[in-house]
Amino acid sequence: MKRYRVRLTPEDKTTLQTFVHTGVRSVQALVRARILLLADEQGEARNDASLAHTLAISAKTVEENRRRYVEDGLQAVLNRRPRKDKGVPVKVDGRVEAQLTRLACSQTPNDEPFWTLSMLGDHLVQLGVVDSISRETVRKTLKKIASSHT
């Protein structure tokens, strides 16, 4: 037996159909809308497993969207929730970019022929500019700096 029963109001159903058929939407938003349309018990409601199979998603996703609709309403399902952790903090800001540029344009230690990405990252850590930085972050930052000066 389903714990969360979706019973769409005529207004919600119209809103969902308009949402699905008009405008440019993210795939995730369209899938969430379709879940509700297919899960509506006033129409031809399907069980979570067949609904998940039809939309090529997991039954857990169907259950979670049912729950959000019943507990929080239509807009909570259609609109993404903001992240609580605000994502990964930015490690490279303008200050770090400036130090990296200065370092990359300077003479290498021990008269090496050129700077490597690892050497640049290690040197930024030694200077105390950052606590740690990956070789890939150094590469992407240098590429960004180079492309902004062309």
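**Salt bridges and other local features of a predicted model**

A search of the whole structure finds 6 salt bridges. The model is a predicted one, and its mean pLDDT is 88, with 96% of the residues reaching 70 or more. Among the elements of the protein, the lowest mean pLDDT (88) belongs to helix H3, residues 48–55, and the highest (95) to helix H7, residues 117–126.

It helps to begin with the charged pairs. Side chains of opposite charge can pair when their charged atoms come close. One salt bridge joins Asp40 to Lys13, with 3.9 Å between the closest N and O atoms. Asp40 sits in the loop between H2 and H3, whereas Lys13 belongs to helix H1 (residues 10–21), so this pair ties together parts that are 27 residues apart in sequence. The two partners can also be described by their accessibility: Asp40 is buried, at a relative accessible area of 3%, while Lys13 is partly exposed, at 31%.

A second example is found within a single helix. Arg67 and Glu64 meet through their side chains in a salt bridge of 2.4 Å, N to O. Both residues are in helix H4 (residues 59–72), where a spacing of 3 residues separates them by about one helical turn. Glu64 is partly exposed, with a relative accessibility of 27%.

Another bridge links two helices. Glu97 forms a salt bridge with Lys144, and their closest N and O atoms are 2.7 Å apart. Because Glu97 lies in helix H6 and Lys144 in helix H8 (residues 135–148), the pair ties together parts that are 47 residues apart in sequence. Glu97 counts as buried at 19% relative accessibility, just as a cut-off of under 20% requires. Lys144, at 48%, counts as partly exposed. Returning to helix H4, salt bridges with shared partners join Glu64, Arg67 and Glu71 into one network.

Which charged residue is buried yet has no salt bridge? The residue is Arg32, and the nearest side chain of opposite charge, that of Glu64, is 9.9 Å away. A salt bridge needs the N and O atoms within 4 Å. Arg32 lies in helix H2, which spans residues 27–39. Leaving aside neighbours within four places in sequence, Arg32 is in contact with Asn65, Val77, Leu78, Asn79 and Arg80.

Aromatic rings give a brief result. The number of aromatic pairs in the structure is 0. A ring does, however, meet a charge: Arg25 lies over the face of Phe19, at 4.2 Å from the ring centre.

The backbone offers two further points of interest. Most residues other than glycine have a negative phi, and most peptide bonds are trans. Against that background, Ala56 has a positive phi, near 55 degrees. Ala56 is placed in the loop between H3 and H4 and is exposed, at 71% relative accessibility. Asn110, also a residue other than glycine, has a positive phi near 60 degrees. The loop between H6 and H7 holds Asn110, which is exposed with a relative accessible area of 72%.

A glycine in a loop completes the description. Gly87 is found between helix H5 (74–78) and helix H6 (94–104), and is partly exposed, with a relative accessible area of 21%. How far apart in space are Gly87 and Arg66? From C-alpha to C-alpha they are 26 Å apart, with their positions 21 residues apart in sequence numbering.

Key: Residues are numbered from 1 along each chain as its sequence is written. This is a predicted model: local features need pLDDT of at least 70, side-chain atom pairs count only at pLDDT 80 or more; totals for chains, interfaces and linings use all residues. Side-chain values use heavy atoms; hydrogens and water are left out. Helices (H or I, at least four residues) and strands (E, at least two) are DSSP runs, numbered from the N terminus. Buried means under 20% relative accessible area, exposed over 50%, partly exposed in between (1.4 Å probe, protein chains only). Lys and Arg count as positive and Asp and Glu as negative; His and the chain ends are not counted. Contact means heavy atoms within 4.5 Å. Rings of Phe, Tyr and Trp (its six-membered ring) pair if their centres lie within 6.5 Å; planes under 30 degrees apart count as stacked, over 60 as edge-to-face and the rest as tilted. A charge sits over a ring if NZ of Lys or CZ of Arg is within 6 Å of the ring centre and within 35 degrees of the ring normal. pLDDT is the predictor's confidence in each residue, from 0 to 100.
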